[in-house]
Amino acid sequence: MDFGRTTAFMTRIWDDEIIPALTDYIRIPNKSPMFDPDWAANGHMEKAVAMFAGWAEKKLAALPGSRLEVVRLPGRTPLIFIEVPGASANAGATVLMYGHLDKQPEMTGWDADHGPWEPVIKGDKLYGRGGADDGYAMFASLAALLALKEQGIGHARCVIVIEASEESGSPDLPAYIDHLQDRIGAVDLVVCLDSGCGNYEQLWLTTSLRGMVVGNLTVRVLTEGVHSGAASGIVPSSFRILRALLSRIEAEATGRMTLPELFVDIPPDRQRQARDAAAILGEEVWRQLPFAGATRPMVDDRAEMILEKTWRPQLAVTGLEGYPLPKNGGNVLLPYSTAKLSLRLPPTADARKARAAVKAALEADPPYGAQVEFEVPRGENGWNAPALAPWLEAALDKASRNAFGKPVAFQGEGGSIPFMAMLGAKFPGTQFVVTGLLGPHSNAHGPNEFLHIPTARKLSAAIATILADHAAQA
């Protein structure tokens, strides 16, 4: 491969075609079904699917024999399925490339000149919801294949799957994978572009993803609100009970989870990679986060910070119900408190056992006999990557050095991609390239989310290099 030509190709296609397409995509408020239950009637998801499919079909004209289908199963979000025939000594192998096009909700706190549905380019950054998480994945995947085509370089058969429910935990994806299993075939390499990077200076391979248990904890003490002067001192506060229940699973002084079912032994290689990543990133491990005032990290050691966010369980309360805004809060003892709990699990923890343990701990023997329910539909297992094949380890490092001028780096991610655990179970011999654009300050799911354009170009070129090296594995 002439990497100079690849770099020029990526600059051209990103600047002339992909950035304009993502700009249009950001304007579509196609929130994931969890956040827009009326997604089908509202039509935003359909608009995004049509936009993606239209762009891809034009590009596939340059890849003979390719085909695209928008697959629709009853009652489920649609899925874009693209097949590109192989053209190499390893043409019979299959590469599965994955991304999603559904988005997180708006979130508050955007800068005055930014907004979730209004794309803004400032310097090297494209701001707006969904560009980096994960709208770019299909475009980058096709760009990599087109770059190979331009130079006459072969690749294995490629299947591109773009789903529309990932931000809801991918509830629709298993049905589609089962439905398309024969067309997908046996997969020996997965390329997932829905992850993060420790910096924008090299290629980062994601080695693990946390699982999760998400549910609503409700404490009810009254059938209706009553004057606080008449009830306080007799009726217990639902908030105080909620706070006490959370202390059963989390030590509030340290943030450390307490249930043994939530912990695993951290593999030695992952501990070593955490130390290596901490050495590369330095204080950026924690300075990339928008700490307020004098707030400081929960631990001091940078390698431990990485392990805390990737291999140890953590609890976040991500929503509250039952409370008016402070300006509307009258002297009323409120009847109930509901907290949405997002519990991140270590990559190899059993989500089913963790879910059962948390539910039992929260609901048992409630204080004052209050009505307590932890409604948690399901848990999602995490994922720990298999050992890299020698060819892939070499290919990753070559791709990083060509595209970025630095060696590949490795890190676990604190988030979840349910598809990875699913694929790992279905294809135990598969190799994985899980990476992405979500680097320092990119703020996926939060305000001022952005896509770092130079890294997007380089990442696309790196993927092209990896596909070329995979094709040589006859």
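**View 1. The largest nonpolar core of the predicted model, with W14 in it.** The largest nonpolar core has 74 residues, and W14, L101, L451 and I463 have the most contacts inside it. Such a core is a set of buried Ala, Val, Leu, Ile, Met, Phe, Trp, Tyr and Cys residues joined through side-chain atoms within 4.5 Å; buried means under 20% relative accessible area, exposed over 50%, and partly exposed in between (1.4 Å probe, protein chains only). Helix α4 (residues 131-150) supplies the largest share of this core, 13 residues. Beyond its neighbours within four places in sequence, W14 is in contact (heavy atoms within 4.5 Å) with residues including Y136, A140, L451, A456 and S460.

The model is predicted: local features need pLDDT of at least 70 and side-chain atom pairs count only at pLDDT 80 or more, while totals for chains, interfaces and linings use all residues. Residues are numbered from 1 along each chain as its sequence is written, and side-chain values use heavy atoms, with hydrogens and water left out.

**View 2. The open sheet β4-β5-β21 and its helices.** The 3 strands of this sheet are paired antiparallel; two strands pair if DSSP finds at least two bridges between them. Because β4 (120-122) and β21 (450-452) each have a single partner strand, they stand at the edges, and one side of each is left without a neighbour in the sheet. Helices (H or I, at least four residues) and strands (E, at least two) are DSSP runs, numbered from the N terminus. Strand β5 (residues 125-127) pairs with β21 over 3 bridges, and L126 has L451 as its bridge partner in β21. Helix α15 (residues 453-471) packs on the sheet, touching β5 and β21, and its direction makes about 55° with that of β21. Helix α1 (residues 3-26) lies across β4, β5 and β21, at about 20° to β5. Axes are lines fitted to C-alpha atoms, for helices over the stretch in contact, and angles run from 0 to 180 degrees between N-to-C directions.

**View 3. The buried face of helix α12.** The buried residues of α12 (residues 351-363) are A351, A354, A357, V358, A361 and L362. They fall within an arc of 125° seen down the axis, so they line one face of the helix; the arc is that of the directions from the helix axis to the C-beta atoms. Elements they pack against include β9 (211-220), α8 (238-246) and β15 (336-345).

**View 4. P377 in the loop between β16 and β17.** P377 counts as exposed, at 65% relative accessibility. Not counting residues up to four places away in sequence, P377 touches V214 and R355.

Note on methods:
The expected span of a helix is 1.5 Å times one less than its number of residues.
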